[in-house]
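Work through the exercises below with the sequence and the structure at hand. Each task is followed by a solution in steps.

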Amino acid sequence: VEDNPQPVQDDTDTGFKRTLTIETRAPGDNLWYRGAANAKIERLDDDWFLIDDVLKIRVRSGTAKPIIRKVGNQQEMIIPISLNRRPAIIVHEYAW
């Protein structure tokens, strides 16, 4: 796994973007990336999510779409990762 964080700033938000690169010898589709876990995760426009009314995140990996699931008294935002196209690339953006 290679992790490449980069600062990001535009007219409305400050944050950073992480690009994670995952390489493996064995292909597969049984891998999930957990982008967030919190009591409150709200879906916004353009694939962004609002975490606890404070932090915005967006996670992308190919054409996969994030899923929000309930686990106990929390929510998790997860996205399936395919290792059939090597390497797998995950782009995780944070804005506040």
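**Exercise 1. Glutamate 93**

Task: Find which residues glutamate 93 touches, not counting residues up to four places away in sequence, and decide whether glutamate 93 is buried or exposed.

Solution.
- Step 1. The residues that glutamate 93 touches, leaving out those up to four places away in sequence, are Phe16, Lys17, Trp48, Lys56, Ile57 and Arg58. The model is a predicted one.
- Step 2. Glutamate 93 lies in strand S9, which covers residues 88-95.
- Step 3. The relative accessible area of glutamate 93 is 16%. Buried means under 20%, so glutamate 93 counts as buried.

**Exercise 2. The sheet of 6 strands**

Task: Give the strand order of the open sheet of 6 strands and say which strands stand at the edges.

Solution.
- Step 1. The order is S1-S2-S9-S6-S5-S4, and the pairing is antiparallel.
- Step 2. The edges are taken by strand S1 (2-9) and strand S4 (41-43). Each has a single partner strand, so one side of each is left without a neighbour in the sheet.
- Step 3. On average, neighbouring strands of this sheet are turned by 20° against each other, direction ignored.
- Step 4. For one pair in detail, take strand S5 (residues 49-51) and strand S6 (residues 55-60), which pair in the antiparallel sense over 3 bridges. Phenylalanine 49 has isoleucine 57 in S6 as its bridge partner. Isoleucine 57 is also one of the residues that glutamate 93 touches.

**Exercise 3. Arginine 18**

Task: Place arginine 18 in its strand and list what it is in contact with, leaving aside neighbours within four places in sequence.

Solution.
- Step 1. Arginine 18 belongs to strand S2, residues 14-22.
- Step 2. With those neighbours left aside, arginine 18 is in contact with Asp3, Asn4, Pro5, Tyr33, Ile90, Val91, His92 and Tyr94.
- Step 3. Now look for polar contacts between side chains. The side chain of arginine 18 makes one with the side chain of aspartate 3, at 2.6 Å. It makes another with the side chain of tyrosine 94, at 3.5 Å.

**Exercise 4. The sheet of 3 strands**

Task: Repeat the analysis for the open sheet of 3 strands.

Solution.
- Step 1. The strand order is S3-S8-S7, with antiparallel pairing.
- Step 2. Strand S3 (31-38) and strand S7 (67-71) stand at the edges. Each of them has a single partner strand, so one side of each lacks a neighbour in the sheet.
- Step 3. The average turn between neighbouring strands of this sheet is 35°, direction ignored.
- Step 4. S7 pairs with strand S8 (residues 74-81) in the antiparallel sense over 5 bridges. Within this pair, isoleucine 68 has methionine 77 in S8 as its bridge partner.

**Exercise 5. The whole chain**

Task: Describe the secondary structure of the protein chain and judge how compact the chain is for 96 residues.

Solution.
- Step 1. The count is 0 helices and 9 strands, and from the N terminus the elements run β-β-β-β-β-β-β-β-β.
- Step 2. The radius of gyration is 14 Å, close to the 12 Å that the globule rule gives for 96 residues, so the chain is as compact as a globular protein of that length.
- Step 3. Along the principal axes, the C-alpha atoms fill a box of roughly 40 × 35 × 20 Å.
- Step 4. Of the 96 residues, 33% are buried. The accessible surface comes to about 6300 Å², and 47% of it belongs to carbon and sulfur atoms.
- Step 5. Among contacts with a separation of 6 or more, 56% join residues 24 or more positions apart.

Terms used: Residues are numbered from 1 along each chain as its sequence is written. This is a predicted model: local features need pLDDT of at least 70, side-chain atom pairs count only at pLDDT 80 or more; totals for chains, interfaces and linings use all residues. Side-chain values use heavy atoms; hydrogens and water are left out. Two strands pair if DSSP finds at least two bridges between them. Helices (H or I, at least four residues) and strands (E, at least two) are DSSP runs, numbered from the N terminus. Axes are lines fitted to C-alpha atoms, for helices over the stretch in contact, and angles run from 0 to 180 degrees between N-to-C directions. The radius of gyration is taken over C-alpha atoms; the globule rule is 2.2 Å times the number of residues to the power 0.38. Buried means under 20% relative accessible area, exposed over 50%, partly exposed in between (1.4 Å probe, protein chains only). Contact means heavy atoms within 4.5 Å. Accessible areas come from the Shrake-Rupley method with a 1.4 Å probe; for residues, only the protein chains shown count as cover. A polar contact is a pair of N or O atoms within 3.5 Å; within protein, one must be able to donate a hydrogen and the other to accept it, and residues adjacent in sequence count only if both atoms are side-chain atoms.
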